[in-house]
Amino acid sequence: MPDAKTLRAALAGSAMLCAALPATARDISHDDLSPHTAESGAPLTAIEQAMALPHLALALDVYPETKTIKGLAEYTVQAAAPLSAVEFDLDPRFAIADITVDGNSLGAGAWTNDKGLLHIDLPGELAAGSSAQIGIAYSGAPRVAPGAPWNGGFVWSETPDGKPWIATAVQSEGCDLFWPCIDHPSRRVDMLDLSVSVPEGLVDASNGRLIGSETVGGRTTWRWQARQPNNYGVSLQIGPYELAQADYASRFDNTIPIRFWYLPGHKEGADRLVGEMKDYLDFFESTIGPYPWGDEKVGLAETPHLGMEHQTINAYGENYKLAPEGFDWLMAHEFAHEWFANQLSNAGTADMWLQEGLGTYMQPLFLQWKQGDAAYVAKMWEQRQDIKSRVPLAPREFVPSAYYDDAEAGWGGDIYTKGSWVMHTLRYLLGDKAFFAAVTNLVYDRDDPRPGNFDIVVASTDDFERIVEEKSGRDLGWFFDAYFRTAPLPRLTSTRDGKTLSLAWVTPAAQPFAMPVEVKVDGKLVTVPMAEGRGTLKLPAPQAHVVLDPGAKILRDDPAITAWQAQEEKARAAKAKDSQG
């Protein structure tokens, strides 16, 4: 999902009024959704925990003229433990026409959809290890997205010449906004066969490989097959698209198709971004590891909303704007999610920084790889200004998906920018070798990833801590406590007594913050070890000029930024009051 800081600049003066403010600063309402449907990533029920989903055939008919859909979800469900019922999440606004088990229709009394939890009683117990075919036929008007991509649903729009232009974006609310699923980041279908029927003349660009299409009776059905798609990443992008394409010869000896579905008249911009994508692939594959979906595609589709990381079909709505850095920030950010969201999924909402923070850190890293240190430092400084750090970055307790929108907490912004800066500081602490080894292992669950030798990964902040300690050979509980489990940033204090400079870290974290500090003394760089969170340095003279952390490598409390943020918030509040008066 696009980050808040960059979004403000990207949408300045934009006509996209639905997304005129970042998610953490907008009044987002889910009053039209049941609490269960509005919550994505709620704890799994005992029944859902016992359900494996080897296969789903999902057929969707989309009717732009009535803004309705008709769906048939045909699941293979395998029981990890004996099951007398199965459960899925599905927005209760849909009418269920029929449910079948192994081809036999159940009576209406065999299922209930209590506020979005669809409970289906089986005609007989399903033994552990055995499978059943569950069919769910449903229809209705899906939720219209009040402010895609942050407040999600269907986007029913039109191209400038009046043709239907449709998109789905459901990250915050989840897959159950338009298809029956288990709406949790840790659960996926092993194989999805998706068919989407639209009026003739329209193209559906969706996840995975295009199997084919056929037109009958004025409607075209597009057939896709996707391996282990991220639930909220399953998406429909529908319009009178044209196709820009190229193939990329990977350093891992496979060829990756790049496909960009764009609106007529935008060929020049689409071709430019397809070329740019080759740079991103080179960067990611050389820095993190192989593109996870090379057997399917790198896919993008031009959308009527800003953007979203739909697996192998990223939504792009930045209008091909040029940037002074020479890269498209939106395309770069969403593409990072192919690794950090689609290959690596967070175990729960509380660990969402794993996809957004690491994904955000990839932009300055790409600029450093492409342009050098100055571009990296500039991008990090831009991100630093947006960090609030009012609440823990990765709380131990359950975090509801709506926490993303809590303006007072600011967590929905911190998972991007604070997450990125914590990675910047961790890289300084560990050095590049251990840092990138840890990130690669986190993403692939192995040190030697190659196409075909890894599976998707579901991980938590605790998992990352364990991996980092293994790769560095260091106990880093103090680092994770201070940056992930504690809200206030570490504060560095300094006092001088003649030629003695004394430094101390102040943090409410349980363990002393043992972060070494670089100090520039009269132009000479030295490092103070800071064992137990304290250290001293002998100066050449009492009046020596001292600069602490001159390379800005450590995320720490900065009174100047805090004061500036307060000033900006006061100005925004006054402007909002004036506009209402």
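1. A search of the whole structure, which is a predicted model, finds 5 cavities of 30 Å³ or more. The largest cavity has a volume of about 260 Å³. Its lining is made up of 19 residues, and those nearest the centre of the cavity are Ser40, Gln171, Pro185, Tyr232 and Met352. By character, the lining of the largest cavity consists of 12 polar, 6 nonpolar and 1 charged residues.

2. The second largest pocket holds about 460 Å³ of space. It is lined by 23 residues, with Trp421, His424, Gly551, Ala552 and Lys553 the closest to its centre. Three elements, α6 (353-371), α7 (373-384) and α8 (411-430), give two or more residues each to this lining. The largest share, 6 residues, comes from α7. The lining of the second largest pocket divides into 10 nonpolar, 9 charged and 4 polar residues.

3. Alanine 552, one of the residues closest to the centre of the second largest pocket, deserves a separate remark on its backbone. Alanine 552 lies in the loop between β28 (546-548) and α12 (559-580). Its phi is positive, at about 50 degrees, although the residue is not a glycine. Most residues other than glycine have a negative phi. With a relative accessible area of 38%, alanine 552 is partly exposed.

4. Lysine 67 also has a positive phi, of about 55 degrees, and is not a glycine. The residue is placed in the loop between β1 (51-63) and β2 (68-79). Its relative accessible area is 43%, and lysine 67 therefore counts as partly exposed.

5. A further backbone point concerns a peptide bond. Alanine 148 and proline 149 are joined by a cis peptide bond, with omega at about 5 degrees. Most peptide bonds are trans. Proline 149 is found in the loop between β8 (131-140) and β9 (153-158).

6. Isoleucine 387 is located in the loop between α7 and α8. Its relative accessibility is 3%, so isoleucine 387 counts as buried, the cut-off for that class being under 20%. Leaving aside residues up to four places away in sequence, isoleucine 387 touches Asp414, Thr417, Lys418, Trp421, Leu555 and Gln565. One of these contacts, Trp421, is also among the residues closest to the centre of the second largest pocket. Between isoleucine 387 and leucine 489 the C-alpha to C-alpha distance is 9.9 Å, while the two residues are 102 residues apart in sequence.

7. Aromatic contacts form another topic. The search of the whole structure finds 36 aromatic pairs. In the pair of tyrosine 280 and phenylalanine 335, the ring centres are 6.5 Å apart and the planes stand at 35 degrees, so the pair is tilted. This pair links distant parts of the chain, 55 residues apart: tyrosine 280 belongs to helix α4 (residues 267-287) and phenylalanine 335 to helix α5 (residues 329-336). Both tyrosine 280 and phenylalanine 335 are buried.

8. One aromatic cluster is formed by Tyr280, Phe283, Phe284, Tyr291, Phe327, Phe335, Trp339, Phe366 and Trp369. The two rings of the tilted pair, Tyr280 and Phe335, are thus members of this cluster.

9. A charge placed over a ring completes the note. Arginine 427 has its charged end over the ring of tyrosine 376, at 5.5 Å from the ring centre.

Conventions: Residues are numbered from 1 along each chain as its sequence is written. This is a predicted model: local features need pLDDT of at least 70, side-chain atom pairs count only at pLDDT 80 or more; totals for chains, interfaces and linings use all residues. Side-chain values use heavy atoms; hydrogens and water are left out. On a 1 Å grid over the protein atoms alone, a cavity is a set of points where a 1.4 Å probe fits but cannot get out, and a pocket is an open set with protein on both sides within 12 Å along at least five of seven lines; lining residues have an atom within 4 Å of a point. Grid points are joined across faces, edges and corners, and a volume is the space filled by probe spheres set on the points. Ala, Val, Leu, Ile, Met, Phe, Trp, Tyr, Cys and Pro count as nonpolar, Asp, Glu, Lys and Arg as charged, and the others, Gly among them, as polar. Rings of Phe, Tyr and Trp (its six-membered ring) pair if their centres lie within 6.5 Å; planes under 30 degrees apart count as stacked, over 60 as edge-to-face and the rest as tilted. Helices (H or I, at least four residues) and strands (E, at least two) are DSSP runs, numbered from the N terminus. Buried means under 20% relative accessible area, exposed over 50%, partly exposed in between (1.4 Å probe, protein chains only). A charge sits over a ring if NZ of Lys or CZ of Arg is within 6 Å of the ring centre and within 35 degrees of the ring normal. Contact means heavy atoms within 4.5 Å.
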